[in-house]
Amino acid sequence: MQVVLEPLSKITIDTYIFLGTKSYNEHYPHLWENGDTSPYINKSFTNKVVEKELEDTNIQHFLVIVKATAIGIVKLIKNCPIDEFSGKESLLAEKIYLIKAYTGRGLGKKVLALIEVQARKLNKRILWLDTMQKGNPVHFYLNNGFQIKKEGELSLKGAKTSEKAMWVLAKEL
């Protein structure tokens, strides 16, 4: 199956918000007290937040498209330094979310490859991201060439203390 990253536009914001919210709620309610994901959703997937981010030239939003169907979202921060790498050298993949019905089919690997293409077009030396220490995503990224760089932590109120531990992962390009 061919995967395309379609740049977000003002007319596709509602689709982006819907897919971001749906995929996050399908995969991550266990991180939150009482399964209440609203602290993250309100920070990430409201019209006000996404419209403001769409105006920021340092942020790129995409819909993940398979067979003319939007199945997920990607959010990249084009110039985002990490440790010894300057913003000019570093690309942060802040969000990579696919709705559950499309996971486990090799599509995530294709999305990562497309993100790497974007990073190379921007002449980046490193692609990095945060992921939870517990669960399958960390294994997915490690199996796709990322390495653990350091520890991090989910800092939003309402997250379960036992679930806050994150890894910062990086892949040199």
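Let's start at Y97, a residue that is buried in this predicted model, with a relative accessible area of 10%. Y97 has two tyrosine partners worth walking through, Y28 and Y24.

Take Y28 to begin with. Y28 and Y97 make an aromatic pair, with ring centres 6.1 Å apart and 55 degrees between the planes. That geometry counts as tilted, because the edge-to-face label is kept for planes over 60 degrees apart. Follow the chain and you'll see that this pair links distant parts: Y28 sits in the loop between α1 and α2 (38-44), Y97 in strand β4, and their positions lie 69 residues apart in sequence. Y28 counts as buried too, at 15% relative accessibility.

Now step back and look at the aromatic rings across the whole structure, where a search turns up ten aromatic pairs. One of them joins Y24 and Y97, this time edge-to-face, at 5.8 Å centre to centre and with 65 degrees between the planes. Y24 belongs to helix α1 (residues 13-27) and Y97 to strand β4 (residues 90-98), so their contact ties together parts that are 73 residues apart in sequence. And how accessible is Y24, buried or exposed? Y24 is buried, its relative accessible area being 3%.

These three tyrosines have further company: Y16, Y24, Y28, Y40, F45 and Y97 make up one aromatic cluster. If you move over to F45, there's a charge to look at as well. The charged end of K95 sits over the F45 ring, 5.9 Å from the ring centre.

Notes. Residues numbered from 1 in each chain as written. Predicted model: local features only at pLDDT ≥ 70, side-chain atom pairs only at ≥ 80, totals over all residues. Heavy atoms only, no water. Phe/Tyr/Trp six-rings, centres within 6.5 Å; stacked < 30°, edge-to-face > 60°. Helix = DSSP H or I, 4+ residues; strand = E, 2+ residues; numbered from the N terminus. Buried < 20%, exposed > 50% of the residue type's maximum accessible area, 1.4 Å probe, protein only. Lys NZ or Arg CZ within 6 Å of the ring centre and 35° of its normal.
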